[in-house]
Amino acid sequence: MGDTDGIEDIDKNTTTRVSRFSVALWNLSSQWFLIPQGTGIVAVVLRNIKYRFTGLDIISEIIWIYNIALLSLLVLAYMLRVFLYPRHVVNILRTSIVETSCLSSISIAFSTILKMVTVCLVPKWGRSWGVVAFVLWSVNTGLALTCCFFIPYIHVKLQPPGIKSLTPTVLLPFIAALTSAAAGGVICVYGAISARIQVPIIIVSYLEVGTAVPLAMSMVDVFQSRLFNKAFPGIDHVYEDMILCGPFGQGSFALLILGQAAKGGAFAEYHRGTFLTADIAPGLSAASQLAGLLAWGYATFWWSFAALGIIHTFFTQPGGMRRSKFYMSAWSLVFPMGVYTNAAIFLSKIMNSSAFGVWSVILAIMLVIIWLVNYAFTIKGVISGRLGLGGDPSKEIARHRSRNPA
């Protein structure tokens, strides 16, 4: 009786006792990790783009440093959320396929940071930073593979959504493994590390590609069957269709950069067995880069499909474009489009192709515009309280505090 009265008293005073920060922390979805994930790939694209202007490297480095701070802040905030409201977080992770999938974005964002460490710091401060990148890559690879193996298991065994409720966010764990593989290739090509380190990285990275790409293709087929059954996503989820491009755009870049790493001379120096030899390297490189080109073609289909779907939804919804609203899922556009662009940039370099070079510049411009627009709407939503507050959970927070006193 006394406990119930206490909770009722708390309910009457929640407006004064529960701060705005507590409410925001309670509602801090893992979808917020899509922001550093997208910001990281923007920095990478601006660093790699073929046609550039003076100062672009500085801009990409500023974005990279900002992204390190952003990811660190969000990870600390999410950890604080888990510490203060463990039951609430566990309940959401058990029931929400989006919440669980977006945890993979932590590893993805970290991989983009590792790429920038390699291409920015190794030329400036020496090969020791290549070793640092390798150590960080090893840790992040463990995290990416954990996401790749365990999150799909959770989807199937603990929160089976049914095909009608399946969203493209289920691909994020596979994208995490592919982004780790791509980062491994970047470290081998630009990290100035020894063959003794390079070859294991190349092998592990190819294994990640072999794990993630077939699984991503199978999940895309399942999602496509949903579309054929006329179970189309609502406007708040339509942006997530761009994630369908992600595994194949990132898989394309991973195969392209690993092919470049394979012919760099590490196999000749390593020289073990019948596979890890100098004779194998040219063939492996050619096959890998051909597979990367094919994967980019598949990514092009899904990029086009997502773009058409978003445009079609905007113009056919009641009220047309004017009734469109901003959702956090709009950040799903940035990273998949970024990796698709990054693969096009690398294709332009290895083929010395003006066509790929011009197309990658067009894509990069669209990418930066979408990134900036998302930031503008996100900041506006945070200031207005529309984003991050998701209703008023003050009573739930107060009840949680009454049951779990400090």
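# A walk through an all-helix model

The protein chain exposes about 18,500 Å², and carbon and sulfur atoms supply 68% of that area. Keep in mind as you look around that this is a predicted model. Its protein chain has 17 helices and zero strands. Of the 406 residues in the chain, 52% are buried. Among contacts between residues at least 6 apart in sequence, 84% join residues at least 24 apart.

Let us begin with helix α4, which covers residues 34-48 and contains Ala 43. Ala 43 counts as buried, with a relative accessibility of 1%. Which residues does Ala 43 contact once its neighbours within four places in sequence are left aside? They are Ser 60, Ile 63, Trp 64 and Met 116. With Ser 60, the backbones themselves can be compared: the two C-alpha atoms are separated by 4.6 Å, although Ala 43 and Ser 60 are 17 residues apart along the chain.

A second buried small residue is worth a visit in helix α11, where you will find Ser 205. Ser 205 has 0% relative accessibility, so it counts as buried. Setting aside residues up to four places away in sequence, Ser 205 touches Trp 137, Ala 181, Gly 184, Gly 185 and Leu 258.

Staying with α11 for a moment, look at the loop that joins α10 (172-190) to α11 (195-228), where Ala 192 is found. Ala 192 is not a glycine, yet its phi is positive, near 55 degrees. Is Ala 192 buried, partly exposed or exposed? Its relative accessible area is 38%, so Ala 192 is partly exposed.

A similar backbone feature awaits you after helix α15. This helix runs over residues 334-351, and its 18 residues at 1.5 Å each should span 26 Å; the end C-alpha atoms are 26 Å apart, so expectation and model agree. Helix α15 is mostly covered, with 15 of its 18 residues buried. Just after α15 comes Asn 352, with a positive phi of about 50 degrees, although Asn 352 is not a glycine. Asn 352 belongs to the loop between α15 and α16. With a relative accessible area of 64%, Asn 352 is exposed.

Now for the aromatic side chains. How many aromatic pairs does the structure hold? The count is 19. One of these pairs joins Tyr 66 and Tyr 375 in a tilted arrangement, with 6.2 Å from centre to centre and 55 degrees between the planes. Because Tyr 66 lies in helix α5 (residues 56-84) and Tyr 375 in helix α16 (residues 354-384), this pair ties together parts that are 309 residues apart in sequence. The two rings can also be told apart by their cover: Tyr 66 is partly exposed at 37% relative accessibility, whereas Tyr 375 is buried at 14%.

Phe 301 and Trp 302 form another aromatic pair, this one edge-to-face, at 4.9 Å centre to centre and 75 degrees between the planes. Phe 301 is partly exposed, with 41% relative accessibility, while Trp 302 is buried at 1%. Both rings belong to a wider group: ring pairs link Phe 248, Tyr 298, Phe 301, Trp 302 and Phe 305 into a cluster.

Rings can meet charges as well. The charged end of Arg 272 sits over the ring of Tyr 270, at 4.7 Å from the centre of that ring.

Finally, turn to the cysteines. A search of the whole structure finds zero disulfides. Why does Cys 148 have no such bond? The closest cysteine sulfur to that of Cys 148 is in Cys 147 and lies 8.6 Å away, which is too far for a bond; a disulfide needs the sulfur atoms within 2.5 Å. Cys 148 is also buried, with a relative accessible area of 3%. Another cysteine, Cys 102, counts as buried too, at 0% relative accessibility.

Conventions
Residues are numbered from 1 along each chain as its sequence is written. This is a predicted model: local features need pLDDT of at least 70, side-chain atom pairs count only at pLDDT 80 or more; totals for chains, interfaces and linings use all residues. Side-chain values use heavy atoms; hydrogens and water are left out. Rings of Phe, Tyr and Trp (its six-membered ring) pair if their centres lie within 6.5 Å; planes under 30 degrees apart count as stacked, over 60 as edge-to-face and the rest as tilted. Helices (H or I, at least four residues) and strands (E, at least two) are DSSP runs, numbered from the N terminus. Buried means under 20% relative accessible area, exposed over 50%, partly exposed in between (1.4 Å probe, protein chains only). A charge sits over a ring if NZ of Lys or CZ of Arg is within 6 Å of the ring centre and within 35 degrees of the ring normal. The expected span of a helix is 1.5 Å times one less than its number of residues. Contact means heavy atoms within 4.5 Å. Accessible areas come from the Shrake-Rupley method with a 1.4 Å probe; for residues, only the protein chains shown count as cover.
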